[in-house]
Amino acid sequence: MNKEIILKVGNDNGNSEHDLLINGVLIAQPNVFAKVRKLPNLDEVNKDYVIKNIQDNLIVTCEDPSGIYYIGNYALKSGQKIRNIEVGIDNNKIESDIVIVNTLSQIAGFGIKEYYNKFKDFDDIIDIKVDMTTALPINYYSHDKALEFANKFLNKTHMITIHIGNISARVRIEFTYVKVIPEGVTSIFALKEADDKLFDEYNSKNKDKLNNSYFNKARVLHAAIGEGTSEFPITEGIEFNPNFIQGTNNGIGHAIDKALEEFKSAKGLSKFSRQDYSKVLLDTKHKFHDLAMELIEPYIEEEAEEILHHIRTEIQKANNEIDVICVYGGGSIFMRDYLEGKLKTLCDRAEIKLLYIPEEYAVTLEAEGLYNFTTNKIFESLKANYNKSKTI
């Protein structure tokens, strides 16, 4: 019996959140890890519970970069010192251990859960083969850098051990093909296949209605507002214009960084990360929510003004030849009160539609686009050409 696990992955490595779609299943985790010296005592851990909730209980040993790591939510709750992806101009995802370790760990965790559900046990080594699409920030993206990033995954077999109570599952991951594309551009593959519910809010407010087929030919200015970067590409259908792939170092992470130290000082906190702060902002019932919002509001407004300026610049460069501005990403949720009204005035004057993606879809839209690309015929064609080039 062939026990090989085959996975298709859309991998959105955000500065704050790591969103993956693996075989159609969404995984959303803080994009952090804690590197520890030794394993904790796991003798009393319920193995079945851990496997069922593996993404929240990821403890791994990675061979390269070597070490023992707590991943995502488990790292945040562990009390250990965490590492996250820096925001700003020094952010280099190609060289980031966090990007590599967290990607391998999440894929391995999903794979061993699939394996255990099928076979109810673990063999000595579990083989996982992966097709994956991921992305780099537009202002950093180039053809050469995309190849370099893809080759981080493609050029070797990756060994990961997942620790589940007092047993371990050894995983061998082989990436059969990896495609790297610019951030922001990816979401067009999600919009073209989106459920009608994504457009309900827009359609309830506007006489002209939108659906996924509209995006087959629409000229779209994307405002993908993230943690550390924001991307402003223009797409027409699935094509993107290389003259309009602007990206900037703006996002909600910059605002959090400016407010974080004052917040920690006010509440006597020593270990409190951007991800922790972000969770407090999202949880209106959290006891620190009001103070967190009070401290960050002026900085959110600063970031929103910068983003509005860049959107206005791209519209002018395109001579208003834009059908719709689509705003999404984790940062768009926090900036909506500051951004949407001014954008609507700008759009009405230029006769451009404004699709501000609702909160429940805003964060994962890019991961969905990446996954849709992985399952697309274009991906299969690129993979076939890659395999052909290896045999020459």
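This report walks through one sheet, its neighbouring helices, the cysteines and the nonpolar cores of a predicted model.

**The sheet**

Start with an open sheet of five strands. The strand order is 13-12-11-14-15, and the pairing is mixed. Strand 13 (239-248) and strand 15 (353-356) stand at the edges. Each has a single partner strand, so one side of each is left without a neighbour in the sheet. From one strand to the next, the twist averages 15°.

What holds such strands side by side? Strands of a sheet pair through backbone hydrogen bonds, either parallel or antiparallel. Both senses occur here, as the table shows.

| Strand pair | Sense | Bridges |
|---|---|---|
| Strand 11 and strand 14 | parallel | five |
| Strand 11 and strand 12 | antiparallel | five |
| Strand 12 and strand 13 | antiparallel | six |

Now look at single residues in these pairs. Ala223 has Val327 of strand 14 as its bridge partner. Leu221 stands opposite Ile234 in strand 12. Pro233 stands opposite Ile245 in strand 13.

Two hairpins link strands of this sheet. Strand 11 and strand 12 form a hairpin with four residues between them. The hairpin of strand 12 and strand 13 has two residues between the strands. There, Gly237 takes a positive phi near 65°.

Is strand 12 largely enclosed or largely open? Six of the seven residues of strand 12 (residues 230-236) are buried, so the rest of the structure largely encloses this strand.

**Helices by the sheet and beyond**

Helix 10 (residues 330-350) lies across strand 11, strand 14 and strand 15. Against strand 15, helix 10 runs at about 170°.

Helix 8 (residues 274-282) contains Ser278. Is Ser278 buried or exposed? Ser278 is buried: its relative accessible area is 12%, and the cut-off for buried is under 20%. Leaving aside neighbours within four places in sequence, Ser278 is in contact with Ile256 and Phe334.

**Cysteines without bonds**

How many disulfides does the structure hold? The count is zero. Take Cys326. The closest cysteine sulfur to that of Cys326 is in Cys347, 11 Å away. That is too far for a bond, because a disulfide needs the two sulfur atoms within 2.5 Å. Cys347 is likewise in no disulfide, and its nearest cysteine sulfur is that of Cys326.

Where do these two cysteines sit? Cys326 is buried, with a relative accessible area of 0%. Cys347 is buried as well, at 1%.

**Two nonpolar cores**

Which residues have the most contacts inside the largest nonpolar core? They are Ile107, Ile162, Ile173 and Phe175, in a core of 48 residues. Helix 3 (residues 97-119) gives the largest share of this core, eleven residues.

Ile173 shows how crowded with partners one position can be. Residues up to four places away in sequence are not counted here. Even so, Ile173 touches Leu104, Ile107, Ala108, Ile128 and Val130. Ile173 also touches Lys156, Thr157, His158 and Ile160.

A second, separate core has 41 residues. Among them are Phe232, Ala255, Leu281 and Ile325.

**Putting it together**

The five-strand sheet is open, with strand 13 at one end of the order and strand 15 at the other. Helix 10 lies across strands 11, 14 and 15. Strand 12 is largely enclosed. Cys326 and Cys347 are both buried, yet the structure holds zero disulfides.

Definitions and conventions
Residues numbered from 1 in each chain as written. Predicted model: local features only at pLDDT ≥ 70, side-chain atom pairs only at ≥ 80, totals over all residues. Heavy atoms only, no water. Buried < 20%, exposed > 50% of the residue type's maximum accessible area, 1.4 Å probe, protein only. Contact = heavy atoms within 4.5 Å. Pairing = 2+ DSSP bridges. Axes fitted to C-alpha atoms, helices over the stretch in contact; angles between N-to-C directions. Core = buried A, V, L, I, M, F, W, Y, C linked by side-chain atoms within 4.5 Å.
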